[in-house]
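Welcome! Take a moment to turn the model around on your screen, and then let us walk through it together.

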Amino acid sequence: MPADRIPSKESAPDDRSSFMDSARRTTEVEPILTVHPKPGVAKPNPILTMDGLRRSFGGLTAVDIDHLEIERGIVTALIGPNGAGKTTLFNLITGFDRADRGRWEFNGQMVTSPSPDRLARRGMVRTFQLTKSLAKLSVLQNMLLGAPHQIGEQLWAAPFRPLWRNQEQANTERADELLEQFNLAHMRDELAGTLSGGQRKLLEMARALMSDPALVMLDEPMAGVNPALAQSLLGHITELALSGVTVVYIEHDMDVVSGISDWVVVLAQGQVIAEGGPWKVIHDEVVIDAYLGRRRAGTSS
Ligand SMILES: Nc1ncnc2c1ncn2[C@@H]1O[C@H](COP(=O)(O)OP(=O)(O)O)[C@@H](O)[C@H]1O
Ligand SMILES: [Mg+2]
């Protein structure tokens, strides 16, 4: 984060001002505002709790988290300099990579054998920094891949063909609803490869919602998206939270972070170095130092 991207303190609203127009948001967000902003602090109602989570690549420790809780029903931003371990953390939690050690609990249950499919069925989905839409499939087909329980793919389900048809129809209806919501309805039958970068980000987010998740993890959803589409993506994130979905997203733009986050977690060199309300965190000396690459006092080389 270059220094000129840090929003000025003068224009800083109180952290409480975000989303106060919604009674439900107030109920969800109020409890987190009472939490003391320090790394690893316990939250009132966490949906995700991590302990001793570690992942190294050769001699490099990419993720080394003592304890971190993600509060349910709010928008949490995960920020940190390039290479801080943000994507690796997403990969571990969502079963796309294996931790060397550590445990995490999702929705009150320990995750014992993490696999992306199993976790998606339990309500945890993620998107990727580089979008993963399948260019040779239509937009609708991409959406249907995000649907839960693809009975039709399983041989033993053949006798239940009518059931499978009903399910397919329900999935298609849900996909059409989401495509409408994400302004992609007109692209429904086009190949995903013909979408712009920004539209692909929208498609990825819409597809993630096919399984009605409880927790959505978005890896740089705004990166490479033109300003108009970025605005629409931001709106979708806010709406997700309004509908009760917990959102964790990775973002570099501090205006975005301070605009739509209820809570911010800062990673540097794999560790949580700060967390708290957006304005407090963004103006935290330790955080600014980490972004500007100044070595913190007491940090070994
Ligand atoms: N598969 C991998 N093999 C080797 N090193 C990796 C791998 N994935 C990530 N890293 C390294 O781990 C560190 C954290 O990477 P990453 O999680 O992608 O950071 P961020 O998303 O915060 O920019 C970086 O130094 C990166 O080079
Ligand atoms: Mg990354």
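Let us begin at one residue and work outwards. Gln129 is partly exposed, with a relative accessible area of 34%. Please keep in mind that this is a predicted model, so the values below are computed from predicted atoms.

**The magnesium site**

What coordinates the magnesium ion (ligand 2)? Two side-chain atoms do: OG1 of Thr87 and OE1 of Gln129, at 2.1 to 2.4 Å. These two residues bring together distant parts of the chain, as they are 42 residues apart. Thr87 belongs to helix α2 (residues 86-93), while Gln129 sits in the loop between β6 and α4 (139-145). Like Gln129, which is partly exposed, Thr87 counts as partly exposed, with a relative accessible area of 26%.

**The chain as a whole**

Stepping back, the chain has 10 helices and 10 strands. It holds 301 residues, of which 50% count as buried. If you look at contacts with a separation of 6 or more, residues 24 or more positions apart account for 69% of them.

**The six-stranded sheet**

Now find the open sheet of six strands, whose order is β6-β7-β8-β3-β9-β10 and whose pairing is mixed. Its edges are β6 (124-126) and β10 (271-276); each has a single partner strand, so one side of each is left without a neighbour in the sheet. From one strand to the next, the twist averages 20°.

Within this sheet, β3 (residues 75-79) and β9 (residues 263-268) run parallel and are joined by four bridges. You can pick out one pair by eye: Ala77 has Val264 in β9 as its bridge partner.

A helix also packs on this sheet. Helix α7 (residues 227-242) lies across β3, β7 (215-219) and β8 (246-250), and it runs at about 150° to β8.

**The helix pair α6 and α7**

Which helix axis comes within 10 Å of that of α7? The partner is α6 (residues 197-208), and the two axes cross at roughly 15°. That makes α6 roughly parallel to α7, since angles under 35 degrees count as such. The crossing is left-handed.

The residues that meet here can be followed on both helices. From α6 come Gly198, Gln199, Lys201, Leu202 and Met205. From α7 come Leu229, Ser232, Leu233, His236, Ile237 and Leu240.

**The four-stranded sheet**

There is also an open sheet of four strands, in the order β2-β1-β4-β5, with antiparallel pairing. Here β2 (60-71) and β5 are the edge strands, each pairing on one side only. Strand β1 (residues 46-57) is joined to β4 (residues 101-106) by five bridges, and the two run antiparallel. Met50 stands opposite Trp104 in β4.

Helix α2 turns up again at this sheet: α2 lies across β1, β2 and β4, running at about 115° to β1. Recall that α2 is the helix holding Thr87, one of the residues that coordinate the magnesium ion.

**Some loop residues to visit**

Four residues in loops make good stops on a tour. The table shows where each one is and how accessible it is.

| Residue | Loop | Relative accessible area |
|---|---|---|
| Ser115 | between β5 (109-110) and α3 (116-121) | 18%, buried |
| Asn183 | between α5 (161-181) and α6 | 51%, exposed |
| Asp212 | between α6 and β7 | 57%, exposed |
| Gly244 | between α7 and β8 | 38%, partly exposed |

Is Ser115 buried or exposed? Ser115 is buried, because its relative accessible area of 18% falls under the 20% cut-off. Leaving aside residues up to four places away in sequence, Ser115 touches Thr94 and Gly95.

Asn183 and Asp212 are worth a look for their backbones. Asn183 is not a glycine, although its phi is positive, at about 55°. Phi of Asp212 is near 45°, again a positive value in a residue other than glycine.

Gly244, finally, can be compared with Leu215. The two are 29 residues apart along the chain, and their C-alpha atoms are separated by 9.4 Å.

Methods. Residues are numbered from 1 along each chain as its sequence is written. Chains are lettered from A and ligands numbered from 1 in the order in which they are written. This is a predicted model: local features need pLDDT of at least 70, side-chain atom pairs count only at pLDDT 80 or more; totals for chains, interfaces and linings use all residues. Side-chain values use heavy atoms; hydrogens and water are left out. Two strands pair if DSSP finds at least two bridges between them. Axes are lines fitted to C-alpha atoms, for helices over the stretch in contact, and angles run from 0 to 180 degrees between N-to-C directions. Contact means heavy atoms within 4.5 Å. Donors are N, O and S atoms within 2.8 Å of the metal (3.2 Å for Na, K and Ca); water is not among the atoms, so sites may look incomplete. Buried means under 20% relative accessible area, exposed over 50%, partly exposed in between (1.4 Å probe, protein chains only). Angles under 35 degrees count as roughly parallel, over 145 as roughly antiparallel, 65 to 115 as roughly perpendicular and the rest as oblique. A crossing is left-handed if the near helix is turned anticlockwise from the far one by less than a right angle, and right-handed if clockwise.
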